[in-house]
Amino acid sequence: MLRIFLWVDTKRYEVGSPSFFHCFFSTIAYRLENDAWGSVYPRIMLDFYKGRLRYTDAPEALSELDAIQLGFEMMPPEDIIWDYDDLDRQPPWAEGALENTSCAAECFFTPTEEHLFAVLRQAFNRSIEVRHDVRIRRMA
């Protein structure tokens, strides 16, 4: 099964499946950018999503990430968009899986049970620290 990893220099961060990662971006675009991909959060939605965030743009990406997290914290979990290209697709969660979840931000965890926002912050901060770009890689 393919997994998404973020690489900064020699450090890697596991994100999860490609569909899970796409769900994160789909929700941002549809719910927080009013269905206009990259119009509000260009560093994350345009540069980073395409596979590379330059270390010089990481501070701006961190600011965008803070705003995105706040938006997800105000959004009910039912508003998550699984696939921007097919809005009828539903997340593959079991019935009732979101009953104890108060907001969309609580639905994004990596396979190592780390909060996705925390993992992204770690990668972006490391990028600034070591002056290396963040790269997205698909690996088996």
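Which residue in β4 is the bridge partner of Trp7? Hold that thought for a moment while I cover the basics. This is a predicted model, where local features need pLDDT of at least 70 and side-chain atom pairs count only at pLDDT 80 or more, while totals for chains, interfaces and linings use all residues. Numbering starts from 1 along each chain as its sequence is written, and side-chain values use heavy atoms, with hydrogens and water left out.

Okay, back to Trp7: its partner in β4 is Arg135. Arg135 also has Arg52 standing opposite. When I say helix or strand, I mean DSSP runs, numbered from the N terminus: H or I with at least four residues for helices, E with at least two for strands. Two strands count as paired if DSSP finds at least two bridges between them.

So here's the sheet. It's open, with four strands in the order β2-β1-β4-β3 and antiparallel pairing. β2 and β3 sit at the edges with a single partner strand each, so one side of each has no neighbour in the sheet. Going through the pairs, β1 and β2 share five bridges, with Val8 opposite Lys11 in β2. β1 and β4 are joined by six, and β3, residues 52-53, is held to β4 by two.

Now the helices. α1 packs on the sheet, touching β1, β2 and β4, and its direction makes about 80° with that of β2. Contact here is heavy atoms within 4.5 Å. α4 lies across β1, β2, β3 and β4, running at about 155° to β2. Those angles run from 0 to 180 degrees between N-to-C directions, with axes fitted to C-alpha atoms, for helices over the stretch in contact.

Next, the largest nonpolar core, meaning buried Ala, Val, Leu, Ile, Met, Phe, Trp, Tyr and Cys residues joined through side-chain atoms within 4.5 Å. It has 40 residues, and Leu6, Phe24, Phe48, Phe72 and Phe124 touch the most other members. The largest share, eight residues, comes from α1. Leaving out residues up to four places away in sequence, Leu6 touches residues including Phe21, Phe48, Leu120 and Ile136.

Last thing, two backbone oddities. Asp9 isn't a glycine, yet has a positive phi of about 60°; look for Asp9 in the loop between β1 and β2. Glu113 has a phi near 65°, again positive without being glycine, and is in the loop between α3 and α4. Buried or exposed? Glu113 is exposed at 67% relative accessibility, and Asp9 is partly exposed at 40%. The cut-offs are under 20% relative accessible area for buried, over 50% for exposed and partly exposed in between, using a 1.4 Å probe and protein chains only.
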